[in-house]
Amino acid sequence: MKVILKKDLEESYVLLISMVKWLILSVCIGLIVGLATSLFIKLVDMSTSFSYGFQYYYLLIPFGLFLSSFIILKLAPDAKGHGTEKAIQAINQKSGKMNVKIAPVKLLTTIITLVFGGSVGLEGPSTQIGASIASKISDLFKLQDIDRKILAICGVASGFVGVFGAPVGAAVFASEVLYIGSFNYVSLFSSLISAFISFSVGRFLGTKPLVTYFFDISPFSNSIIITRMIVFGLLIGVCSAIFIRIVNLIEKLFEKIHIYPPAKGFIGGVIIILIVVITGTTDYLGIGGEIIHQAVMGEHVRNTDFVWKTITTATTLGSGGSGGILTPMLYVGATLGNIWANIIQGSSTFYAAVGMVAFMATCSNTPLAGIIMCMELFGSQVGMYASIVCVIGYIIVGHKSIYPTQILMKSKDPSLFMDTNCEIWQMENKINNRTINKNFSK
């Protein structure tokens with residue numbers, strides 16, 4: 001009995017010391033990243049408010065994407081793309097090691113991309129900025145690789161919450177997004193603390209979350225709404241799979257263009273201008289917060305909004321623009337939900353809200369984060385029903401991800417054999433190679 005008691009005391013002592021260590025580190029990360037993210041958001045707000053005041057600001061987008069790609073090429077190639085993917089890659093492949101100069105380069109190039117009308121979001125740069133700051137702090141404290149990885153996850157959570165204003169959801173997202181079929185419990189305490197500190201810093205400095213609404217769904221019939229949630233989950237899963245494939249396809253098409261990389265940005269900009277001319281609207285440019293708001297508030301949106309937003313986002317990022325992809329996914333999910341509500345004659349606000357978060361969670365394979373974010377942003381009742389959509393979407397999207405460096409730990413269904421303990425892109429390459437070899441043998 002004495003041996004067991006001694007072991008329990010030693011265990012509690014070590015865990016307490018570890019908790020104190022991570023409390024201090026997490027607070028530091030939350031403060032620094034919260035401040036950096038708030039500054040970033042305010043700079044974006046000021047610069048876009050100015051540029052969007054000009055009627056034909058988007059005509060300069062080819063030059064904006066060219067400049068963004070040029071700066072990234074010369075100063076920090078890892079700043080290319082939608083940010084969160086690079087943070088995941090650094091955590092999974094390099095134990096969270098990132099070049100700290102990525103932060104200012106990512107901040108500058110995202111502002112340039114958005115000022116000229118590129119279709120991107122803020123969360124990708126925010127998470128990448130957070131992860132790079134965490135990497136620098138790890139260098140200063142000479143942390144071991146396992147601790148560097150946890151601190152980088154704290155940086156991702158701190159950057160994510162600055163945009164969405166859902167601290168628990170941000171912490172869960174950062175711990176869940178690394179793997180498919182597994183959850184990083186080791187990082188949960190520290191990422192929670194970092195997220196709450198960053199959230200508090202943002203509120204103190206006056207930055208507002210992208211969305212925060214509360215709905216009363218008490219008049220809805222349980223049997224009807226659950227049936228609709230199941231069908232809506234299937235729709236979200238299928239549309240998420242299509243979204244991922246379109247983004248990957250357009251990125252690969254630009255990779256096949258063998259010219260000076262920044263020149264691809266010019267081509268992408270011309271394509272986006274053509275989209276504006278064809279559609280007769282600039283609603284598919286920039287962050288798209290106004291359309292998200294309209295969809296969630298039950299106002300009319302076009303039936304093709306989600307299609308054009310997908311194309312402009314994929315073109316912006318694929319051609320060399322810099323920014324996040326989660327906010328465009330919120331746009332697509334919100335407009336899909338609004339359209340679905342009109343089809344079934346349901347509540348546009350309710351389905352747009354659920355679709356917005358569920359689509360993001362499905363594309364990123366983070367159903368737990370999606371459920372919690374729904375509860376934080378829209379109330380517990382909405383989150384309760386949204387859980388059905390998030391989980392069904394997560395299953396239906398299959399083993400695809402908007403983040404190809406996510407590690408597949410377990411198959412989503414035991415009856416479906418998949419290569420595990422490898423990144424999504426590696427798994428897909430193995431499947432393609434097996435298909436090619438099989439066809440060749442025939």
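**Exercise 1. Cysteines and disulfides**

Determine how many disulfides the structure holds, and account for the state of cysteine 154 and cysteine 374.

*Solution.* Step 1. The structure, which is a predicted model, holds 0 disulfides.

Step 2. For cysteine 154, the nearest cysteine sulfur belongs to cysteine 28 and is 11 Å away. A disulfide requires two cysteine sulfur atoms within 2.5 Å, and cysteine 154 is in no disulfide.

Step 3. For cysteine 374, the closest cysteine sulfur is that of cysteine 390, at 5.3 Å, which is too far for a bond.

Step 4. Consider next the accessibility of these residues. Cysteine 154 has a relative accessibility of 0% and therefore counts as buried. Cysteine 374 is likewise buried, its relative accessible area being 0%.

**Exercise 2. Salt bridges**

State how many salt bridges a search of the whole structure finds, and describe the pair formed by aspartate 147 and lysine 21.

*Solution.* Step 1. The search of the whole structure gives 4 salt bridges.

Step 2. In one of them, the side chains of aspartate 147 and lysine 21 meet with an N to O distance of 3.2 Å. Aspartate 147 belongs to helix H6 (residues 145-164) and lysine 21 to helix H1 (residues 2-51), so this pair ties together parts that lie 126 residues apart in sequence.

Step 3. Compare the exposure of the two partners. Aspartate 147 is buried, at 14% relative accessible area, whereas lysine 21 is partly exposed, at 34%.

**Exercise 3. Further charged pairs**

Identify the salt-bridge partner of aspartate 139 and that of aspartate 305, and decide for each residue whether it is buried or partly exposed.

*Solution.* Step 1. Aspartate 139 pairs with arginine 148 through their side chains, with 2.6 Å from N to O. Aspartate 139 counts as partly exposed at 40% relative accessibility, while arginine 148 is buried at 5%.

Step 2. Aspartate 305 forms a salt bridge with arginine 302; their closest N and O atoms are 3.6 Å apart. Here aspartate 305 is buried, with a relative accessible area of 1%, and arginine 302 is partly exposed, with 35%.

Step 3. The latter pair belongs to a network of salt bridges that links Asp283, Arg302 and Asp305.

**Exercise 4. The sheet**

Give the strand order of the open sheet, name its edge strands, and find the bridge partner of isoleucine 180.

*Solution.* Step 1. The open sheet has 3 strands in the order S1-S2-S3, and its pairing is mixed.

Step 2. Strand S1 (179-180) and strand S3 (422-423) are the edge strands, since each pairs on one side only.

Step 3. S1 and strand S2 (residues 407-408) run parallel and are joined by 2 bridges. The bridge partner of isoleucine 180 in S2 is leucine 408.

**Exercise 5. A nonpolar surface patch**

Establish which elements give two or more residues to the nonpolar patch, and which gives the most.

*Solution.* Step 1. The patch lies on the surface and has about 970 Å² of accessible area together; its residues include Leu60, Phe63, Phe66, Tyr260, Phe266 and Leu274.

Step 2. Helix H2 (61-75) and helix H10 (261-279) are the elements giving two or more residues. The most comes from H2, with 5 residues.

Step 3. As an example from the patch, take leucine 274, which is found in helix H10. Leucine 274 is partly exposed, with a relative accessible area of 48%.

Notes. Residues numbered from 1 in each chain as written. Predicted model: local features only at pLDDT ≥ 70, side-chain atom pairs only at ≥ 80, totals over all residues. Heavy atoms only, no water. Buried < 20%, exposed > 50% of the residue type's maximum accessible area, 1.4 Å probe, protein only. Helix = DSSP H or I, 4+ residues; strand = E, 2+ residues; numbered from the N terminus. Pairing = 2+ DSSP bridges. Patch = residues over 30% accessible without salt bridge, like charges linked within 9 Å, V, L, I, M, F, W, Y side chains within 5 Å. Areas by Shrake-Rupley, 256 points an atom, 1.4 Å probe, with all protein chains shown as cover.
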